[in-house]
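Good morning, and thank you for coming. Please have the sequence and the model open in front of you while I speak.

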Amino acid sequence: MRASEYLIATVKETPTDAEIPSHQLMLRAGLIRKLASGLYTWLPLGLRVLHKVSQIVREEMDRAGAMEVSMPVVQHAELWEESGRWQNMGPELLRFKDRHDREFCLGPTHEEVITDLIRNEYSSYKQLPANFYQIQTKFRDERRPRFGVMRAREFIMKDAYSFHVDEASLEATYQVMHQTYCNIFDRLGLNFRPVIADSGNIGGSTSHEFHALADSGEDEIVFSSTGDYAANIELAVGQPIKAAAVIADAPQQTVDTGSAHSIEEVANLLDAKPTSILKTILVHAADADGQRSDELIALVLRGDQTLNETKAQKLPEVASPIEFAENDAIEAALDCPPGSLGPVSLPIKVIADLSVANLKNFICGANKKGQHIINANWNDICKYDRVEDIRKVQEGDISPDGQGTLAIKRGIEVGHIFQLGKKYSEALKATVLNKDGKAVTMLMGCYGIGVTRVVAACIEQNHDEHGIIWPENIAPYQLIIIQIDAHKSEQVVDFSESLYLKTQALGIEVLLDDRDKKTSPGVRFADSELIGIPHRIVVSPRTLADGAVEYKKRAATEKQLLDKDAVIDFLIQNTISAKG
C-alpha cells in the first residue's frame with residue numbers, strides 16, 4: 001500500500017479525554033475515531049490489526065474443532081424471558097420495540113440464541129459434543145464507557161458455546177478450550193495469566209479468566225510466587241500473616257473509647273495493632289426466596305483485613321448483591337451506632353472470617369456507644385455462629401498450594417471461559433435423547449474473548465514514549481519503506497519502488513511512504529514509530545550513494561546500514577521467518 005493513497009490519520013497531541021496509553025495511542029496513531037461515548041469507528045490501520053487478531057482467534061478455534069456461525073445482533077425478548085434474564089439483566093441490556101410494538105434487545109451475549117438454535121437442530125446424544133463460535137459485534141449500555149475500546153458500549157467479541165450429554169464431555173471440552181485460549185494469547189504475544197474466576201451473571205460453576213498483565217488493568221489478579229496457583233482477587237484464598245501469639249488470657253475490661261470509631265483510631269487510642277482488633281460489618285440478609293430482607297447479619301474480620309464482597313454475597317444467608325446496613329437500621333436492630341459494634345451478645349447471626357477464629361485477647365466493640373472491650377476472647381457471650389473465608393487476600397499471604405507467597409498484579413481481562421452446566425439449556429428445555437432413548441437436558445460451556453479489547457491490551461504491553469510496538473503477528477504492516485528527498489532523486493524513487501514491488505511479491509505486508517515533500521522526514525519517522533510498524537527501511541540519496549539503505553527495527557534503539565543488494569535476503573529472514 002502507498003501512503004500517498006492511504007489514510008494516515010496520525011495526530012501529535014494526546015487527546016485530553018484519553019486516560020490510558022492504549023486509548024491515547026490508538027487515537028494518535030489513527031487506528032480509531034470516537035463517534036459518541038463508547039462508540040468508535042475503526043480506521044484502515046486499526047481495522048487491519050483487528051482483522052489479524054480475529055484471524056488468529058478463528059484459526060485456533062477451527063483447530064480446536066469448533067464450528068463458526070453468525071447469530072443476529074438483535075434478539076427478541078421471548079428468548080430472554082424464557083431464560084429469566086429479561087427481568088434480571090440491568091440497564092446494560094439495551095431494550096427497544098419494533099414498529100409492531102414487539103420487544104427486542106441488542107445482544108450483549110448469545111446464550112439464549114445459541115441454545116434456541118441447538119434445541120431445534122440437535123436431538124440425539126450421538127450429535128454431541130458440539131462447539132459453535134462467532135466473531136461478532138456486541139452491545140452493552142455501559143454506565144460509564146472509558147479507556148477507549150477497553151470498556152466501550154459496542155465491541156467485537158468471539159463467543160463460543162459447547163453442548164454435552166454428560167459432565168465428563170463438558171470437562172474435556174473445557175480443558176481443550178483452556179489450552180486453545182493459551183495458544184491464542186501466546187500467538188498474540190501477550191504476557192497473560194489464566195486465573196480461577198467468579199462466573200458472575202453469566203452463571204455456571206467452574207470458570208477461568210485470562211488476564212493480560214498491565215498496570216492499567218481494572219482487575220487485580222493473585223498468583224503464587226513459586227507455584228501454579230492463580231485466581232481473580234474476588235475468589236483468591238490465602239493464609240494471612242498471623243497475629244502475634246498470645247500465651248495466656250488476660251482480664252477482660254470494658255473501656256471508654258469516645259469518638260474513636262475506625263480501626264486506626266481505636267488502635268492509636270489503645271496503643272494496639274490492627275491485627276488484634278475485630279472489625280464488625282453489618283449487611284442485609286437474604287429471605288427464603290434469596291431476596292434482600294430487613295434482617296441483618298454481622299460479618300467479623302481482623303482489623304487489618306478487608307471484606308471480599310464477592311465471597312460474602314455467595315454465603316446463602318447474605319443478600320446478593322451485597323447491601324451494607326444503613327446507620328438507622330443498625331441502631332434500630334442493636335441500639336448501638338456503628339463504630340462500637342462487636343460480636344458480643346448479638347441477637348443476629350455472626351459469621352467470622354478465618355483470620356479471627358483463633359484470636360485471643362482481642363479488642364472489639366462493646367455494642368455500647370463509645371465503648372470497646374479489651375482482652376476479649378471467644379466464649380458463651382462473645383461468639384460467632386460459624387467460620388467462613390470472607391476476606392480479600394493480601395500481598396504476602398501464604399499461597400493455598402503451599403508454594404511460596406501470593407503476589408498481586410493488575411490485569412486486563414481478555415478472555416473468560418465458563419462451565420455453564422444446565423442454566424440455559426434447562427430454562428429453554430434443550431434436550432437430546434441419550435443412549436437409553438430418554439430425554440436429557442444438555443450441559444453447556446461458554447467461552448469468550450474480547451477481540452477489540454485484545455488490541456488495546458497488546459498496546460498496553462507494547463509501547464514506548466514514541467508510540468506502539470506491535471508484535472509481528474498483528475502489526476498493520478510488517479515493513480515500512482520511507483523515501484527521503486524523492487523529489488530530488490530518481491535513484492531514490494527507482495530503488496524504493498523496486499524494493500516495494502519485490503517485497504510485495506514475497507508476501508511481505510509493506511507500506512511505502514511516498515508522500516510528497518510537504519511531509520518532512522521527521523514527520524515520516526515519527527509516524528512510523530507512532531504506528532508501530534516492526535521494520536523500517538529508509539531510502540535516501542546519501543545512503544544510496546554508498547550502496548546502502550538504513551534499517552531499524554521498531555523495538556530496537558540502534559539503526560544499521562544494509563547493502564542495498566542484500567536487503568531482500570535480510571527482510572526474508574527478519575520478516576517472513578520472524579512471522580513464522
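I shall go through two sheets, one pair of helices and two single residues, in that order.

Please keep in mind throughout that this is a predicted model.

Let us begin with the sheet near residues that I will name as we go. In what order do the strands of this open sheet lie? The order is 27-26-28-29-30, which makes 5 strands, and their pairing is mixed. At the edges stand strand 27, residues 510-513, and strand 30, residues 559-563. Each of these two has a single partner strand, so one side of each is left without a neighbour in the sheet. From one strand to the next, the twist averages 25°.

Within this sheet, I would like you to find strand 28, residues 535-539, and strand 29, residues 548-553. These two strands pair in the antiparallel sense, and the pairing extends over 4 bridges. As an example, take Ile537, whose bridge partner in strand 29 is Tyr551.

Two helices lie across strands of this sheet. Helix 12, residues 490-505, lies across strands 26, 27, 28 and 29. Its direction is at about 170° to strand 26, which covers residues 479-483. An angle over 145 degrees counts as roughly antiparallel, so helix 12 and strand 26 are roughly antiparallel. Helix 13, residues 521-531, also lies across strands 26, 27, 28 and 29. For helix 13, the angle to strand 26 is about 175°.

We now turn to the second sheet. This open sheet has 3 strands in the order 13-18-17, with antiparallel pairing. Which strands stand at its edges? They are strand 13, residues 253-256, and strand 17, residues 362-365. Because each has a single partner strand, one side of each is left without a neighbour in the sheet. The twist here averages 30° from one strand to the next. Strand 13 is joined by 4 bridges to strand 18, residues 371-376, and the two run antiparallel. Among the residues involved is Gln253, whose bridge partner in strand 18 is Ile374.

The next topic is a pair of helices. Helix 2, residues 44-63, packs against helix 6, residues 167-187, at an angle of about 150°, and their axes are 10 Å apart. That angle makes helix 2 roughly antiparallel to helix 6. The crossing of the two helices is right-handed. Helix 2 contributes Ile56, Val57, Glu59, Glu60, Met61 and Arg63 to the contact, while helix 6 contributes Met177, Thr180, Asn183, Ile184 and Arg187. Sorted by class, the contact has 5 nonpolar, 2 polar and 4 charged residues.

Finally, I ask you to look at two single residues. Ser22 is located in helix 1, residues 21-28. Is Ser22 buried or exposed? Its relative accessible area is 0%, so Ser22 is buried. Apart from neighbours within four places in sequence, Ser22 is in contact with Met150, Ala456, Ile459 and Glu460.

Ala152 sits in the loop between strand 7, residues 130-139, and strand 8, residues 154-164. With a relative accessible area of 6%, which is under 20%, Ala152 is therefore buried as well. Setting aside residues up to four places away in sequence, Ala152 touches Gly38, Arg140 and Glu142. Ala152 and Thr452 are 300 residues apart along the chain, yet their C-alpha atoms are separated by 9.3 Å.

Thank you for your attention.

Methods: Residues are numbered from 1 along each chain as its sequence is written. This is a predicted model: local features need pLDDT of at least 70, side-chain atom pairs count only at pLDDT 80 or more; totals for chains, interfaces and linings use all residues. Side-chain values use heavy atoms; hydrogens and water are left out. Two strands pair if DSSP finds at least two bridges between them. Axes are lines fitted to C-alpha atoms, for helices over the stretch in contact, and angles run from 0 to 180 degrees between N-to-C directions. Contact means heavy atoms within 4.5 Å. Buried means under 20% relative accessible area, exposed over 50%, partly exposed in between (1.4 Å probe, protein chains only). Angles under 35 degrees count as roughly parallel, over 145 as roughly antiparallel, 65 to 115 as roughly perpendicular and the rest as oblique. A crossing is left-handed if the near helix is turned anticlockwise from the far one by less than a right angle, and right-handed if clockwise. Ala, Val, Leu, Ile, Met, Phe, Trp, Tyr, Cys and Pro count as nonpolar, Asp, Glu, Lys and Arg as charged, and the others, Gly among them, as polar.
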